Amino acid sequence: MAAALAARAAGVKDVLLLERDQHLGGILNQCIHPGFGLHQFKAELTGPEYADRFVRLVKEDHAIEVSLRSFAVKLTGDKELSYLRPGALEEVKARSVILATGCRERTREMIHIPGSRPAGVYPAGLAQKMVNMEGWIPGREAVIVGSGDIGLIMARRMALEGVSVKAVIEIQKVSRGLVRNVVQCLEDFGIPLYLQHRVSMIHGRGRVEKVDVVRVDDELKDIPGSGFELACDTVLVSVGLIPENELLEMAGAEIDRRTNTPVAAGVNLTSIPGVFACGNACKVYDLVDWVTRDSELAGKMAAEYLGGPLS
Amino acid sequence: MKRAMTCIACPQGCLLELEADGSRLISVSGNKCKRGAAYARQEIEAPMRTFTTSVLTRGLELKMLPVRSSKPIPKEKLFEAMDAVKRITVTSPVKAGTVVAPDLLGLGADLVACRGLDKL
C-alpha cells in the first residue's frame, strides 16, 4: 500500500494492487500487539491500526484499483502477470511491477529437530493467526523454539490467554528479537529464556508430550550431561523468515540462494529493470516503519522508471 | 537501591541505570531520550502496559476483532482485563476507534476497536 500510494504521489496514473487475502494489510492484521508506527506516525499503534491508516488512503484514491482474493501465479520477464481471483484467471501487462510478497516462516523441518511427528508443532506466526484472528488456542503448555520477535510476542500472547509458557529456547548467545520484547514479553510474565540451548528431541504420539533441551557450547555442540526435559503439549517454532520470491524467480531474475532475496545493486532493485521487490520480500525487516519508508521509495523508483514525475 | 532496567518505550531498548528508594525514583541515566526517564519513573512507581487482545464477533466479516486499551493500564491488571474481555461478543459493525467497552475494570481506559469491521 505504501508503494502504491508513493507511486501515485510521484505521478503514476494507473495502479493495480493485488492482495490474496480478503482484506488489505497483510501480516499486520494478525499483529494485534502495540509497537508499530513510532517512527512513521510518532504514535504507538497496533498492527491493524497501522494498516488501517494506509487502507483509508488507498480507498480514497480511485486510480488505485484494489483486487482482493487475487493470487498472482505467474510473472514473465516482460512484466506479464497472471493472477487468479474468484471465478477468473486474469492476465495483465504492466510497465512496472512492485513485488511486496513478504516472507514465509522457517519450519521445524528446516532446523532438523529430531523426534516423532506429533500434532502440536506450529510455526509461531501461524499460531499467531490462529489465536488472534480465528480464536483458537493451540494448546495448554507451550515451549517456544527460537527467540525471534514473533516467538517472544507469541510467548506473551499465549501467557495472556492462559497457556502455561514453559520456556523460550534460543541456540545463540543473545535473543534474536528486540530487547524491549524480551523485557515486556518474557520478563513481565516470568517466562524463562534459555540462551545457548537447543531442543534436541520432540516426543509424543499423536500429540506433543515433552521436549528434550540441551545446553550447547560456543561451537553449538551439545554439552554432555546438560540435558533436561520440559513437559508440554505445544511447540511453537520461531526460527526466522524466508523472503517469498517465487514470482521473481519465475520472471528470470537472479536470486541469492542463501537468503532467497533478489541479487541487485541496491534496496528494492532486482536484476530485471522495472521490476522491484520491497518490504520483507527484499530483505527481512525488524520494524514496519522501515518497511514503509523503503516501500515508499520503491513506489518512487517505479514512477521514475516509468518516465519521471509529471510536472 | 541501584538497579538496571531496559527501557521499552521504543525499539531502541536503552539500558537504564537507576537509583530508587522503594517506589520513589532518585536518578536515572543511560536513556537516549526523555521518554526513557518518564518510563523509569512510571516503572518504579506503578508499571503500566497497553493492553491488546482480540474479542469474538458474531455476524461480522472477521471472526475476531482486535482491540486495545485507549491508554496503558496497570501491569498487574492485565489478566483481570483478559477475563473481562472474554465475556464480550461484538455483533454490530465498528470503525477503528469505536469504543467496544467503556471504562475497562473502572481503570479509566476504554476498550477500543483497532480496525473497522462490516456486517458479513
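**Exercises on a predicted two-chain model**

In this predicted model, A:Gly307 adopts a positive phi of about 125 degrees just after helix α8(A).

**Exercise 1.** Determine how the span of α8(A) relates to the expected value, and which of its residues are buried.

*Solution.* Helix α8 of chain A covers residues 288–305, which amounts to 18 residues. From the first C-alpha to the last, α8(A) reaches 25 Å, close to the 26 Å expected at 1.5 Å a residue. Next, burial is assigned where 20 or more other C-beta atoms lie within 10 Å of a residue's own. The buried residues of α8(A) include A:Val288, A:Val291, A:Glu296, A:Gly299 and A:Met301. Finally, the cover over the buried residues of α8(A) includes α1, α2 and the strands β2, β8 and β21 of chain A.

**Exercise 2.** Classify the crossing of α1(A) and α2(A), and describe the residues in contact.

*Solution.* The axes of α1 (residues 2–9) and α2 (residues 47–60) of chain A come within 10 Å and cross at roughly 45 degrees. Therefore α1(A) is oblique to α2(A). The handedness of this crossing of α1(A) and α2(A) is left-handed. At the contact, A:Ala2, A:Ala4 and A:Leu5 of α1(A) meet A:Phe54, A:Leu57 and A:Val58 of α2(A). By class, the contact has six nonpolar residues, no polar and no charged.

**Exercise 3.** Analyse the side of chain B that touches chain A.

*Solution.* Begin with the counts: 22 residues of chain B contact 21 residues of chain A. On the chain B side, the elements giving two or more residues are β5, β6 and α2 of chain B. The largest share, four residues, belongs to β5(B). By class, the chain B side comprises eleven nonpolar, six polar and five charged residues.

Terms used:
Residues numbered from 1 in each chain as written. Chains lettered and ligands numbered in written order. Predicted model: local features only at pLDDT ≥ 70, side-chain atom pairs only at ≥ 80, totals over all residues. Axes fitted to C-alpha atoms, helices over the stretch in contact; angles between N-to-C directions. Parallel < 35°, antiparallel > 145°, perpendicular 65-115°, else oblique. Left-handed = near helix turned anticlockwise from the far one by under 90°. Contact = placed C-beta atoms within 7 Å. Nonpolar A, V, L, I, M, F, W, Y, C, P; charged D, E, K, R; others polar. Expected span 1.5 Å × (residues − 1). Buried ≥ 20, exposed ≤ 12 C-beta atoms within 10 Å, placed from the backbone.
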